[in-house]
Amino acid sequence: MSRILLRGKKFYYQRAVPKDLQEMVGKRKWGISLNTDSRRAAEIAAKKWELHFDQEITRLRNIDTDNLSGAEASLRALGVTLPPEPIYTEEGNKKAITAVRQLLQDIEDDFEHTREEDRMDFLKIAERGLAEIFSEKRDRRRKARELYDKTLTPLAENEIDSRREQARKAIGSVEAVAPTDTPEITKERREALKTDLVDTWVANRKPTSQTEGDTRNAVKELLEASGCDDLIEVEKEDVVAWVKNLRKFPRARRQLERDLSFKQVLDLYEGKTYATLSSKSIQKRFNLVQAVFSDAVNSGQIERSPFDGVKTPSVETTVIRKPFSIPMVKKIFLTEPMATGPLDGFYWTHALGLSSGMRLGEICLCKPSDLVSHDGIWFFDMTDFKLKTQSSRRRVPIHKDLVAAGFTDWAKKQPATGIMGFGKDSKGSASGLASKVINRWFGSKVGITGEEYVFHSYRHLFKDLCREYGVQKDVHDRLTGHAGDNVGSGYGDFPIKVLSDAINQVSLPVEIRKWKKT
């Protein structure tokens, strides 16, 4: 790059100020030390200054010179000394406004002090002049104050108001030439000034094609995550944020998601249950990109790596929950106490999960008062529940098999504090204790092991059964409290009969035991 000069042992960046801007800038050239004795590092650093002065030239040419002259004139009229920096620069602008405000404060202070002195002098003279009219000193002082308030006070206030208005206009004119948002640089210009840290790393290290491909993909993710156009723009906080988001990144993506950006993929999977990247995968991505920056430092392309001092955090992999199979459900309902044990909260919790897809936390929140009947249809009214999403607040009909088995009669007889009666764990959570009891029971008694099979597996199975028995997607989304995937799904609600008919379309794979009134 022709704008790089070697002076002594250090490289400098030098660029001519365009002729039409030289008078405004006050110089013919810009000169910046690149703080390096490496030619390659100087070329990298100079590209930053190329973009900086591209933007500065665009910004200066957008300044209204008439406004600039008017702002400088208003400052001089107030008696404010212009700052050494031009007032169209950020530093000069701040200094000019601060000077005006300080001047106004000084004027206010002087005015108050001077006005008090003038007032005392006026009162003394007026009292002497009023001695022939008023014999009492108290009357003379009162009249003197009245004269002062009617004559001199308005004059003094008009004077200070005039100075305030003059200062306000001066500040407004200075703010009018303040630096605006950074001008956009064309995409072509940015591409031309991009660095080639990865290409240099490839030339120096000669990695396998597989490693090179993995590295370029990891670099692409980092740039997309940080919003940077070039690796030399990446800072330490960008690396930290990237690693944090890698913890949320899906382990496997469908083919149609391959063209999405890093942030788009994260947005797509937000709120879903899926397997995230393993610690090993995150460490691999981290090491690949770190190697590129380390090579750039060693070859003198950059002074320091943004990876310095950044540690990869430990990662807990999220497990994808799977639906129970029909044989699994039959095994669950044939295992004690489900088979012949008491028809209590433990049994009905399983029956509700299977027949409605309700979350365990939702079931544990239900009270007898939440179970209502309308036109012969029994349902849980959860519209006022404090749940994590608006779509979760809904009405859930009770499946006809549960009604026939006497669930509604049993539920109405339960304590007002809660139907299922699991109690609460050490943190005060009913669902927390229920989750421990039920999920451990699956493994220890039923023999269903694996982190992917938990109570939530009923919910996945119910969705599958809805599809199998022809329940419309928007209807079974409403039954389970899933947000629809279009704008229209957020308006209105289905009548309770429609929801009840839909849930009763599903044929349960097991027979629900009958509860007998005692």
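How many bridges join strand E4 to strand E5, and in which direction do the two run? The close-ups below, taken from a predicted model, start with this pair.

**View 1. Strands E4 and E5 pair in an antiparallel arrangement.** Four bridges join E4 (residues 371-374) to E5 (residues 377-381). Across the pair, Ser373 stands opposite Trp378 of E5.

**View 2. A hairpin links E4 and E5.** Two residues lie between the strands. Asp375 sits in the turn. The phi of Asp375 is positive, at about 55°.

**View 3. Strand E5 also pairs with strand E6.** E6 covers residues 395-397. Three bridges join E5 to E6, and the two strands run antiparallel. One partnership involves Asp381, whose bridge partner in E6 is Arg395. E5 thus has bridges to E4 and to E6.

**View 4. Helix H12 packs against helix H18.** H12 spans residues 326-333 and H18 spans residues 456-468. Their axes are 11 Å apart and meet at an angle of about 125°. The two helices are therefore oblique to each other. The crossing of H12 past H18 is left-handed.

**View 5. Side by side, the contact residues of H12 and H18.** H12 contributes Ile326, Val329, Ile332 and Phe333. From H18 come Tyr458, Leu461 and Leu465. By class, the contact holds seven nonpolar residues. Polar and charged residues are absent from it.

Notes: Residues are numbered from 1 along each chain as its sequence is written. This is a predicted model: local features need pLDDT of at least 70, side-chain atom pairs count only at pLDDT 80 or more; totals for chains, interfaces and linings use all residues. Side-chain values use heavy atoms; hydrogens and water are left out. Axes are lines fitted to C-alpha atoms, for helices over the stretch in contact, and angles run from 0 to 180 degrees between N-to-C directions. Angles under 35 degrees count as roughly parallel, over 145 as roughly antiparallel, 65 to 115 as roughly perpendicular and the rest as oblique. A crossing is left-handed if the near helix is turned anticlockwise from the far one by less than a right angle, and right-handed if clockwise. Contact means heavy atoms within 4.5 Å. Ala, Val, Leu, Ile, Met, Phe, Trp, Tyr, Cys and Pro count as nonpolar, Asp, Glu, Lys and Arg as charged, and the others, Gly among them, as polar. Two strands pair if DSSP finds at least two bridges between them.
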